[in-house]
Amino acid sequence: MVSSSHEALHRIFQQDPGLFARAARHLGVAFPPPVSTVELSTDLTETQPLKRRVDTLLQMNTEDGSALLAVESQGRPAPDKPASWAYYLSYVYAKYRIPPVLLVVCADRGTAEWAARQVDIGPRQWCSLSLRPLVLGPDDVPVIDSPDDAARDIPLTVLSAALHRRDPGADAILNALAKALKGLSADDENTATTFIELTEQGLGATQAAELWRHLMAVDLSFFQSQTAQQLRAEGRAKDLLLLLGHRGVEVSEEDRQRIVGCGDPDVLGLWFSNALTATSTAEVFASDGESGADAG
């Protein structure tokens, strides 16, 4: 699983392109919902060795016509980015002859403020090109802490969790999202596991991520697919390593790989119980109930 929160902030629009129109309303901009979308190549390379790659590029077809949506996930201010963004928009417009929109998604308020500035390109006497990104930051997407509201728009709730991951309201968002996912039917299991993965990616290395892994291990235990099993196992492995670290138990690289590589949530749960009192990893792994389920 890709762990970078960068991925979630643009991949969520691949999962649900209509999220763009719904989220843009919070910016005071009305875009019609797409009736169809086409995912385009994100490689904007023109000649070697220069390579330019936008995070996500979608062709949004609406009743009013078509537009290109370029989504960039931005973690911090970068002085060279506006020039790259201007290149992206000019290139895709020249290539596809479809008007483009740049959406920059930022989980950091300072970065969102920086990204929202209009950049005028040209000499003092004449502006040849103006870059005007649409920016979604923590202050632009509401805190969705009601299970009913979360169930009505799960993709927007995933985005809300990612953007508010360091805010006090993050726990309430995640609890609401977990309940909304639990309400999905068995036929929607693949959709649920996709949003579970995107949420974990979007939370990054925050305390909210630990809560999410706990919620997934407990509240979504009814999901039985291989993906769901893997997600629960990964969460339990991280919890086990965190517990051993807090207790000062030395973990070798071999032991770490054994824990991370174990795909059985039950075995990991047993090891976690042992770790509550163990003084070494040998005591963690030693148990009469271990039957080799973690082997291989």
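**Exercise 1.** Find which residues Ser160 is in contact with, leaving aside its neighbours within four places in sequence.

*Solution.* Begin with the numbering, which runs from 1 along each chain as its sequence is written. This is a predicted model, in which local features need pLDDT of at least 70, side-chain atom pairs count only at pLDDT 80 or more, and totals for chains, interfaces and linings use all residues, while side-chain values use heavy atoms and leave out hydrogens and water. Next, take contact to mean heavy atoms within 4.5 Å; Ser160 then meets Val141, Pro142, Val143, Ile144 and Ile173. With Ile144 there is also a link from the side chain of Ser160 to the backbone nitrogen, at 3.4 Å.

**Exercise 2.** Decide whether Ser160 is buried or exposed.

*Solution.* Recall the cut-offs, computed with a 1.4 Å probe on protein chains only: buried is under 20% relative accessible area, exposed is over 50%, and partly exposed lies in between. Ser160 has 0% relative accessibility, so this residue counts as buried.

**Exercise 3.** Describe the largest nonpolar core, that is, a set of buried Ala, Val, Leu, Ile, Met, Phe, Trp, Tyr and Cys residues joined through side-chain atoms within 4.5 Å.

*Solution.* First, note that this core has 47 residues, and that those with the most contacts inside it include Phe13, Leu159 and Trp212. Then look at Leu159, which touches, among others beyond four places in sequence, Leu9, Phe13, Val105 and Val141. Finally, add that a second, separate core holds 21 residues, including Val54 and Leu131.

Definitions and conventions. Polar contact = N/O pair within 3.5 Å; in protein donor to acceptor, adjacent residues only side chain to side chain.
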